[in-house]
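Biologist: Take me through this fold, one question at a time. Keep the answers short.

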Amino acid sequence: QSNKRNTHYFLAYKDNEIVLSNKTMEFGKFYNVNGRSVGNCLRGKSKSAGGWMFKNITKEEFEVLLKEDGSVTTKVVI
């Protein structure tokens with residue numbers, strides 16, 4: 001059980017940009033941020049990573065935000 005993966009659904013905020021994602025490592029690669037640092041933020045061990053702030057959301061909230069146009073400034077699902 002120690003090697004199980006949890007999917008994190010999250011919003012990332014930086015300046016005027018909001019990103020919706022469910023992949024910490026891919027988000028990190030795309031935005032040049034350490035993916036482990038993103039995971040640490042989502043687990044509450046850090047406040048920010050690479051200038052980005054993160055907020056955990058539920059899978060249901062994630063799916064609703066995907067369907068709504070204009071609900072976030074930038075939608076990137078990686």
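**Helix packing, sheet and loops**

Modeller: Start with the two helices that pack together: α1 and α2 are oblique to each other. Bear in mind throughout that this is a predicted model.

Biologist: At roughly what angle do the axes of α1 and α2 cross?
Modeller: Helix α1 covers residues 24-31, and α2 covers residues 35-42. Their axes come within 7 Å. Angles over 145 degrees would count as roughly antiparallel, and 65 to 115 as roughly perpendicular. The pair falls in the oblique class, with a crossing angle of roughly 125°.

Biologist: Is that crossing of α1 and α2 left-handed or right-handed?
Modeller: The axes come within 7 Å where the helices cross. The hand of the α1 and α2 crossing is right-handed.

Biologist: How many residues of the contact of α1 with α2 are charged?
Modeller: From α1 come Thr24, Met25, Phe27 and Gly28. They meet Gly35, Arg36, Val38, Gly39 and Leu42 in α2. The contact has 4 nonpolar and 4 polar residues, and the charged ones number 1.

Biologist: Is Thr24 buried or exposed?
Modeller: Thr24 sits in helix α1. Beyond its neighbours within four places in sequence, Thr24 contacts His8, Phe10, Gly35, Val38, Gly39 and Leu42. Buried means under 20% relative accessible area. Thr24 has 17% relative accessibility, so it counts as buried.

Biologist: Now the sheet. What is the order of its 3 strands?
Modeller: The sheet is open, and its pairing is antiparallel. β2 (17-21) and β3 (53-57) are the edge strands, each pairing on one side only. Neighbouring strands are turned by 20° against each other on average, direction ignored. The order is β2-β1-β3.

Biologist: Which residue in β2 is the bridge partner of Tyr13?
Modeller: Strand β1 spans residues 9-14 and pairs with β2 in the antiparallel sense over 5 bridges. One of the partnerships joins Phe10 to Ser21 in β2. For Tyr13, the partner in β2 is Ile18.

Biologist: And which residue in β3 is the bridge partner of Tyr9?
Modeller: β1 also pairs with β3. That pairing is antiparallel, over 5 bridges. The bridge partner of Tyr9 in β3 is Ile57.

Biologist: Which strands does helix α2 touch as it packs on the sheet?
Modeller: Helix α2 meets α1 through residues including Val38 and Leu42. α2 also packs on the sheet, and its direction makes about 60° with that of β3. The strands touched by α2 are β1 and β3.

Biologist: Turn to the hairpin. What is the phi of Asp15?
Modeller: β1 and β2 form a hairpin with 2 residues between them. Asp15 is in that loop. At 78% relative accessibility, it counts as exposed. Its phi is positive although the residue is not a glycine, with a value near 55°.

Biologist: Where does Asn32 lie?
Modeller: Asn32 is a residue other than glycine, and its phi is positive, near 55°. With 74% relative accessibility, Asn32 counts as exposed. It lies in the loop between α1 and α2.

Biologist: What separation do the C-alpha atoms of Thr58 and His8 have?
Modeller: Thr58 is in the loop between β3 and α3 (59-67). At 38% relative accessibility, Thr58 counts as partly exposed. Thr58 and His8 are 50 residues apart along the chain. Their C-alpha atoms are separated by 8.4 Å.

Biologist: Step back to the whole chain. In what order do the elements run from the N terminus on?
Modeller: The protein chain has 3 helices and 3 strands. Read from the N terminus on, the elements run β-β-α-α-β-α.

Biologist: What share of the contacts with a separation of 6 or more comes from residues 24 or more positions apart?
Modeller: The chain has 78 residues, of which 33% count as buried. Among contacts with a separation of 6 or more, residues 24 or more positions apart account for 52%.

Key:
Residues are numbered from 1 along each chain as its sequence is written. This is a predicted model: local features need pLDDT of at least 70, side-chain atom pairs count only at pLDDT 80 or more; totals for chains, interfaces and linings use all residues. Side-chain values use heavy atoms; hydrogens and water are left out. Two strands pair if DSSP finds at least two bridges between them. Helices (H or I, at least four residues) and strands (E, at least two) are DSSP runs, numbered from the N terminus. Axes are lines fitted to C-alpha atoms, for helices over the stretch in contact, and angles run from 0 to 180 degrees between N-to-C directions. Contact means heavy atoms within 4.5 Å. Angles under 35 degrees count as roughly parallel, over 145 as roughly antiparallel, 65 to 115 as roughly perpendicular and the rest as oblique. A crossing is left-handed if the near helix is turned anticlockwise from the far one by less than a right angle, and right-handed if clockwise. Ala, Val, Leu, Ile, Met, Phe, Trp, Tyr, Cys and Pro count as nonpolar, Asp, Glu, Lys and Arg as charged, and the others, Gly among them, as polar. Buried means under 20% relative accessible area, exposed over 50%, partly exposed in between (1.4 Å probe, protein chains only).
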